[in-house]
Amino acid sequence: MMGKLVVEEDFVKRIRRHYDEGVASGGHSAIHGWSHVNEVAKAAVKIVRGEHGGTEEELTAFLAGLLHDYERPSEGKLREKGRQDEHEKHGAVAAREILSKEGYSQKIADAVAAAIATHSFGISVGHSRECKEPYSLAGMALKAADKLAQARPGVVWARAVFLGECTGGKSGDNEKLEYCRKREKKLEEFFETPAGKLLEKYYPDSRKGLAFVKEFNDELEKEISAAGASRDADSFLNVAGALGIVRLGEKAGARGTHAGEFRLEYAKRLGEFEADIPTHLEDALEFSRKMLAAPFKERS
């Protein structure tokens, strides 16, 4: 039996409901909701088409985009169950089952599952896991599309709240820095892979996003040193600069606040605070303003 080669509107609505209800209940990762997966699905198809992929490859890329974070519980839920994040593995199993029930061929279900199994960097707060690289065009397109959001200036807001989702708002500054640096390194390495080269080909500004991430992490490292050297500096860096963003963002993420909401909250808090900041920390204040002025796209 050939299996269908179309995506029915009702199916998409049911997948969207899964994400929306999961985020609303706190059971699903808030920054990996419908807006993110929908964007990834469309970007993956764009890349496959650009590479002259066939109908089945386009379908595989789209379905993988919709389902790649289907099994991404919030980190709070994972902690409750004593589990670690392995959403790519569980998502691949779920996708194969879902698509088989929907009437897709075993070939399509297996191809989607394989793409999902290789889309992740394998990085979580406190642990990392080995993830294989994709080998199919659809798999590479999925990974490229998924990393598009991580190669944007606005990722700093999502990264800060995701940190809080993972830690419950309780990590130390050096742990924050270690996590951010791990992400930076993985993103840098990614651009040297076939999937990374596809991302850069179809989204040329993505390299600029990597430079932005590096700049943020360099500033974060500098401010952590300043906070450790001075109690007064530590107090002001609760709000200003890269350190203020990750400190406040972690607390916001622990409350389940989305990245866009946190960004607005942060802008208001900074406005109330900036008149009192000492002269020697004005660079941190200017850095906060630069982050707020950078292009931002909400992920969920």
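This report describes how several helices pack against one another in a predicted model, and then turns to its aromatic rings.

## Helix α2 against helix α3

Two packed helices are described by the angle between their axes and the distance between the axes. For helix α2, which covers residues 34-50, and helix α3, which covers residues 55-67, the axes come within 7 Å and cross at roughly 160 degrees. Because angles over 145 degrees count as roughly antiparallel, α2 is roughly antiparallel to α3. The crossing in which α2 passes α3 is right-handed.

On the α2 side, the residues that take part in this contact are Trp34, Val37, Val40, Ala41, Ala44, Val45, Val48 and Arg49, and they meet Glu57, Glu58, Ala61, Phe62, Gly65 and Leu66 of α3. Sorted by class, the residues in the contact of α2 with α3 comprise 10 nonpolar, one polar and three charged.

## Helix α2 against helix α7

Helix α2 also packs against helix α7, which spans residues 137-148; here the two axes come within 8 Å and cross at roughly 135 degrees. The helices α2 and α7 are therefore oblique to each other, and their crossing is right-handed.

In this contact, α2 contributes His36, Glu39, Val40, Ala43, Ala44, Ile47 and Val48, while α7 contributes Leu137, Ala138, Ala141, Leu142, Ala144, Ala145, Asp146 and Leu148. The contact of α2 with α7 is made up of 12 nonpolar residues, one polar residue and two charged residues. Val40, Ala44 and Val48 of α2 appear in the contact with α3 and also in the contact with α7.

## Helix α14 against helix α15

Further along the chain, helix α14 (residues 259-273) and helix α15 (residues 282-293) have axes that come within 11 Å and cross at roughly 145 degrees. In this pair, α14 passes α15 in a left-handed crossing.

The residues of α14 that take part are Arg263, Tyr266, Ala267 and Leu270, which meet Leu285, Ser288 and Leu292 of α15. By class, the contact of α14 with α15 holds five nonpolar residues, one polar residue and one charged residue.

## Aromatic rings and the charges over them

The count of aromatic pairs in the model comes to eight. Through ring pairs, Phe121, Phe190 and Phe191 are linked into a cluster.

One ring of that cluster, Phe121, also has a charged residue over its face, since Lys147 lies there at 4.4 Å from the ring centre. A further lysine, Lys46, lies over the face of Tyr203, at 4.3 Å from the ring centre.

Notes: Residues numbered from 1 in each chain as written. Predicted model: local features only at pLDDT ≥ 70, side-chain atom pairs only at ≥ 80, totals over all residues. Heavy atoms only, no water. Axes fitted to C-alpha atoms, helices over the stretch in contact; angles between N-to-C directions. Helix = DSSP H or I, 4+ residues; strand = E, 2+ residues; numbered from the N terminus. Parallel < 35°, antiparallel > 145°, perpendicular 65-115°, else oblique. Left-handed = near helix turned anticlockwise from the far one by under 90°. Contact = heavy atoms within 4.5 Å. Nonpolar A, V, L, I, M, F, W, Y, C, P; charged D, E, K, R; others polar. Phe/Tyr/Trp six-rings, centres within 6.5 Å; stacked < 30°, edge-to-face > 60°. Lys NZ or Arg CZ within 6 Å of the ring centre and 35° of its normal.
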